[in-house]
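Here are my notes on the model you sent round. Have it open while you read, since the points go residue by residue.

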Amino acid sequence: MPQSIIVVNALPVQWNDSSLGCPQPGQVYLQVVTPGYLVTLSAEGKEYNVHTDLNGVAVVCAQEALTTGYRVVLAVGDVYFEYHTDQQRMILCEEPTE
């Protein structure tokens, strides 16, 4: 059991279905937009992504693959907003990389 678990980040997301972004082979999921969070936890030097909905369901994707997407930076005056995308959603990054 890890001695400490640190919440690195918690970002609000809109999952495309009730699988919360972690579909399992042979399972059927409701095809509805499901609001929740992408939570990054750190324990014993490793990071884990936990996908949640707003009803207390949480899953850890066993294998997360590299995802094709975009880094979008928008500026309003001197204020910058950074978003990361895949083919289905866009997530605001609370801590921009640049």
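**Notes on the model**

1. Starting on the outside: L74, V76, V79, F81 and L92 make a nonpolar surface patch of about 410 Å². Patch members need over 30% relative accessible area and no salt bridge, and nonpolar side chains (Val, Leu, Ile, Met, Phe, Trp, Tyr) are joined within 5 Å, while like charges are joined within 9 Å. A salt bridge here is a side-chain nitrogen of Lys or Arg within 4 Å of a carboxyl oxygen of Asp or Glu. Areas are Shrake-Rupley values with a 1.4 Å probe, and for residues only the protein chains shown count as cover. At least two residues of the patch come from each of β5 (71–76) and β6 (79–85).

2. A word on ground rules. This is a predicted model, in which local features need pLDDT of at least 70 and side-chain atom pairs count only at pLDDT 80 or more, whereas totals for chains, interfaces and linings use all residues. Numbering starts from 1 along each chain as its sequence is written, and side-chain values use heavy atoms, with hydrogens and water left out.

3. The overall picture: the protein has 0 helices and 7 strands, so to speak β-β-β-β-β-β-β from the N terminus on. Those elements are DSSP runs numbered from the N terminus, with helices being H or I of at least four residues and strands E of at least two. Of the 98 residues, 24% are buried; that means under 20% relative accessible area, with exposed being over 50% and partly exposed in between (1.4 Å probe, protein chains only). The accessible surface comes to about 7500 Å², and carbon and sulfur atoms account for 55% of that.

4. On to the contacts, meaning heavy atoms within 4.5 Å. Taking those between residues at least 6 apart in sequence, 35% join residues at least 24 apart.

5. Strand β2 (residues 34–43) deserves a look, with 7 of its 10 residues buried. On one side, 9 bridges join β2 to strand β1 (residues 6–15), and the two run antiparallel. Strand β3 (residues 46–53) is also antiparallel to β2, through 8 bridges. Pairing here requires at least two DSSP bridges between the strands. In the β2–β3 pairing, L41 stands opposite Y48.

6. What sits in the turn between β2 and β3? The two strands form a hairpin with 2 residues between them, and E44 is in the turn. E44 has a phi near 50°, a positive value in a residue other than glycine. E44 is exposed, because its relative accessible area is 65%.

7. Which residues make up the largest nonpolar core? There are 6 residues in all: L11, V13, W15, L20, L38 and I91. The largest share of this core, 3 residues, is from β1. The criterion is buried Ala, Val, Leu, Ile, Met, Phe, Trp, Tyr and Cys residues joined through side-chain atoms within 4.5 Å. Leaving aside neighbours within four places in sequence, V13 is in contact with T34, P35, G36, Y37, L38 and I91.

8. L20, also in that core, is worth checking by eye. L20 is in the loop between β1 and β2, and its phi is near 60°, positive though the residue is not glycine. With a relative accessible area of 2%, L20 counts as buried. D17 is in the loop between β1 and β2 too, and is buried because its relative accessibility is 15%. Beyond neighbours within four places in sequence, D17 contacts Y29, L30, Q31, V32 and T34.

9. Next to V13 in my reading order is Q14, which lies in β1. Q14 is partly exposed at 44% relative accessible area, and its bridge partner in β2 is P35. Not counting residues up to four places away in sequence, Q14 touches V33, T34, P35 and R89. The C-alpha atoms of Q14 and R89 are separated by 7.1 Å, although the residues are 75 apart along the chain.

10. Last, back to the patch. Is F81 of strand β6 buried or partly exposed? F81 is partly exposed, since its relative accessible area is 33%. C93, in strand β7 (residues 90–93), is buried at 13% relative accessibility. C93 and F81 are 12 residues apart in sequence and 7.5 Å apart, C-alpha to C-alpha. Not counting residues up to four places away in sequence, C93 touches E82 and H84.
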